[in-house]
Amino acid sequence: MKLSQFKFNLPESLVANNPAEQRDEARLMVLHKDSGKIEHKIFKDVLGYFDDKDVMILNNTKVFPARLYGNKEKTGATIEVFLLRELNKELRLWDVLVDPARKIRVGNKLYFGDDDLLVAEVVDNTTSRGRTIRFLFEGTDEEFRKNVEILGETPLPKYIKRKATAEDKERYQTIFAKHEGAVAAPTAGLHFSRELMKRLELKGIEFAEVTLHVGLGTFRTVEVEDLTKHKMDSEQFIIEPKDAGIVNKAIEEKRKICAVGTTSMRAIESAVSANRTLKAANDWTSKFIFPPYDFSIANSMITNFHTPESTLLMMVSAFGGYENVMNAYEVAVKEKYKFYSYGDAMLII
């Protein structure tokens, strides 16, 4: 398929700058992939579409406060440093993006916080905006993380046109987040409240967890018309044997298996065994899913509304059917659903 087939007109007013007041009261569009039928619901109504022994697969990655603001030595210029991933814990080496990049050269020192709580040195260039930096910190790893927590901001995506607030620290994180490592939230999971999880549990729905540490590649634009030529960034994912077992039992019993979010879907589709069951794994994936694609594990999916021409929209179209999904997006615009990270949700069954 071609990139231009995933264009649609999205008014800026439909981009959600803030989360719904209650997590589970965002709107929910239900798309029936066999018929193309659409229903309009509230997220907590998801309860009515699943039964005893059905399985929901959740991504339990945890977002860390990846956006830091520091000052360059000598000039004092303000520099934004976006932490992408830790390369070496002992040496405190990190892969980062810097802005404005033209001002940052190898050998420069950066100072963070009023009392220089953290100091870093630029040790290498990686891409035009990418650098490798080393934090010059003598304390324990726990102390280092605490300082990042104090200095760092919740890494809201750039299209949310406001500064991160204290509320974002809680709301841009799923209630089941456990393992730190993501620079963006697995946003479909943001709609689950503790009350809804409890009600699902009481109904007999089982949860399997996977970890996929969401990287900035999630937001990278596709720049080639021929989708087979697009390369995805690699993201680390972990699937424990216990969770693979829960999913495989549901496959065997022909239950509903719901991937909560494109990141959960990407993780499970990267760990399919020869007999189309889920394998335990600790690996990296650069899997790019676009139509046509034959899914092996999940038969339903919860996702948010994504940007035009994004890899996330392409995956959703592969799952729900290209015509169905593009039609659903047309309806979503007309019905003024909210888009992106803090936006409304879609259930494809």
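Reader: Which domains does the assignment give for this protein?
Author: In this predicted model, the domain assignment gives domain 1, covering 3-63 + 170-348, and domain 2, covering 67-153.

Reader: What distance separates the centres of domain 1 and domain 2?
Author: Taken over C-alpha atoms, the two centres are 32 Å apart.

Reader: And how many residues are in contact between them?
Author: Five residues of domain 1 are in contact with six residues of domain 2. The two domains bury about 410 Å² between them, and 63% of that area is on carbon and sulfur atoms.

Reader: Which three residues supply the most of the area on the domain 1 side?
Author: Those are Glu180, Val183 and Leu216. Together they supply 78% of the area that domain 1 buries against domain 2.

Reader: How many salt bridges are found across that interface?
Author: The rule finds one salt bridge between domain 1 and domain 2. As for polar contacts across the interface, zero residue pairs are found with both residues at pLDDT 80 or more.

Reader: A separate point on Arg145: with which residue does it form a salt bridge?
Author: Arg145 pairs with Glu180, and their closest N and O atoms are 3.8 Å apart. Glu180 is also one of the three residues named above for the area buried by domain 1.

Reader: Let us turn to the interior. Which residues touch the most other members of the largest nonpolar core?
Author: That core has 67 residues, and Met265, Ile268, Phe339 and Met346 touch the most other members. Helix 7, residues 322-334, provides the largest share of this core, with seven residues.

Reader: What does Ile268 touch, leaving out residues up to four places away in sequence?
Author: Ile268 touches Ile57, Val210, Ile239, Ala259, Leu278, Ile297 and Ala298. Another core lies apart from the largest one; it has 24 residues, among them Leu68, Phe82, Val96 and Leu118.

Reader: Now His230. Is it buried or exposed?
Author: His230 is buried, because its relative accessible area is 12%, under the 20% limit. It is placed in the loop between strand 12 (206-212) and strand 13 (235-239).

Reader: Which residues does His230 touch, again not counting those up to four places away in sequence?
Author: His230 touches Thr221, Val222, Val224, Phe288 and Thr311. Its C-alpha atom is also separated by 9.9 Å from that of Leu3, although the two residues are 227 residues apart along the chain.

Reader: Where is Ser310 found?
Author: Ser310 is in the loop between strand 16 (300-304) and helix 6 (311-320). At 9% relative accessibility, Ser310 counts as buried. A polar atom of the Ser310 side chain lies 2.8 Å from the backbone oxygen of Thr307.

Reader: What about the backbone of Glu309; what is phi there?
Author: Phi of Glu309 is near 60 degrees, which is a positive value in a residue other than glycine. Glu309 is found in the loop between strand 16 and helix 6, and is partly exposed, with a relative accessible area of 24%.

Reader: And phi of Lys53?
Author: Lys53 has a positive phi too, near 75 degrees. Lys53 lies in the loop between strand 2 (38-42) and strand 3 (55-59), and counts as partly exposed at 33% relative accessibility.

Reader: Lastly, is the peptide bond from Asp99 to Pro100 cis or trans?
Author: That bond is cis, with omega near 0 degrees. Pro100 lies in the loop between strand 7 (93-99) and strand 8 (109-112). The peptide bond from Pro291 to Pro292 is also cis, with omega near -10 degrees, and Pro292 is in the loop between strand 15 (281-285) and strand 16.

Definitions and conventions:
Residues numbered from 1 in each chain as written. Predicted model: local features only at pLDDT ≥ 70, side-chain atom pairs only at ≥ 80, totals over all residues. Heavy atoms only, no water. Core = buried A, V, L, I, M, F, W, Y, C linked by side-chain atoms within 4.5 Å. Buried < 20%, exposed > 50% of the residue type's maximum accessible area, 1.4 Å probe, protein only. Helix = DSSP H or I, 4+ residues; strand = E, 2+ residues; numbered from the N terminus. Contact = heavy atoms within 4.5 Å. Domains from an automatic or database assignment. Buried area = accessible area lost by both parts, 1.4 Å probe. Salt bridge = Lys/Arg side-chain N within 4 Å of Asp/Glu carboxyl O. Polar contact = N/O pair within 3.5 Å; in protein donor to acceptor, adjacent residues only side chain to side chain.
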